[in-house]
Amino acid sequence: MTEQHSDDVNEELSRVTRALSAVFSHQQQPSTATQQINFGDPLDQRNAADKYLTSFQRLPIAWVVCDRILSSGIDGSVDAATIQQRMFFAAQTLHTKTREEVHQLPTERSVSCFSMLTV
């Protein structure tokens, strides 16, 4: 993904979702969701998406985006494996951020994020 990160939660959520689709894609040809990454080779798509997700995990907005992923529950438009992949990514990101970057947690979201972690 050649895009820069955004401060808009909905935009970042959409980008993260597309990047996760690219990383976990088992197809040889790019899917509709991953075509927006603008790389012809699926391996290049996965590498770019992985790089994007890794950089995203270090951002303060990751707290809110991951909270939204975890609180969104079951999305009927995607299969169970995709939901599980998204939830795992969000939980793993929050786990790492809680251990290493808790100072970034936006004050207004702290109750929501911490309640999600303790459920």
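**Exercise 1. Find how many salt bridges this predicted model has, counting a Lys or Arg side-chain nitrogen within 4 Å of an Asp or Glu carboxyl oxygen.**

Solution. Run the cut-off over the model, which is a predicted one. The count comes to 4 salt bridges.

**Exercise 2. Take E12 and R15: work out how they sit along the helix, and whether they are buried or exposed.**

Solution. Start with the contact: the closest N and O atoms of E12 and R15 are 3.5 Å apart, and the two form a salt bridge. Next, look at the backbone. Both belong to helix α1 (residues 9-23), and because they are 3 residues apart there, about one helical turn separates them. Now check the surroundings: E12 and R15 are both buried. Finally, see who else joins in. E11 is linked with E12 and R15 in a network of salt bridges.

**Exercise 3. Classify K97 and E101 by relative accessibility.**

Solution. First the pair itself: K97 and E101 meet through their side chains in a salt bridge, at 2.6 Å from N to O. The cut-off you need is that buried means under 20%. K97 has 1% relative accessibility, so K97 counts as buried. E101 comes in at 17%, so E101 counts as buried too.

**Exercise 4. Do the classification again for E100 and R99.**

Solution. Here the N to O distance is 3.2 Å, and the side chains of E100 and R99 meet in a salt bridge. This time you need the upper cut-off: exposed means over 50%, and partly exposed lies between that and the buried range. E100 has 49% relative accessibility, so E100 counts as partly exposed. R99 has 55%, so R99 counts as exposed.

Definitions and conventions
Residues are numbered from 1 along each chain as its sequence is written. This is a predicted model: local features need pLDDT of at least 70, side-chain atom pairs count only at pLDDT 80 or more; totals for chains, interfaces and linings use all residues. Side-chain values use heavy atoms; hydrogens and water are left out. Helices (H or I, at least four residues) and strands (E, at least two) are DSSP runs, numbered from the N terminus. Buried means under 20% relative accessible area, exposed over 50%, partly exposed in between (1.4 Å probe, protein chains only).
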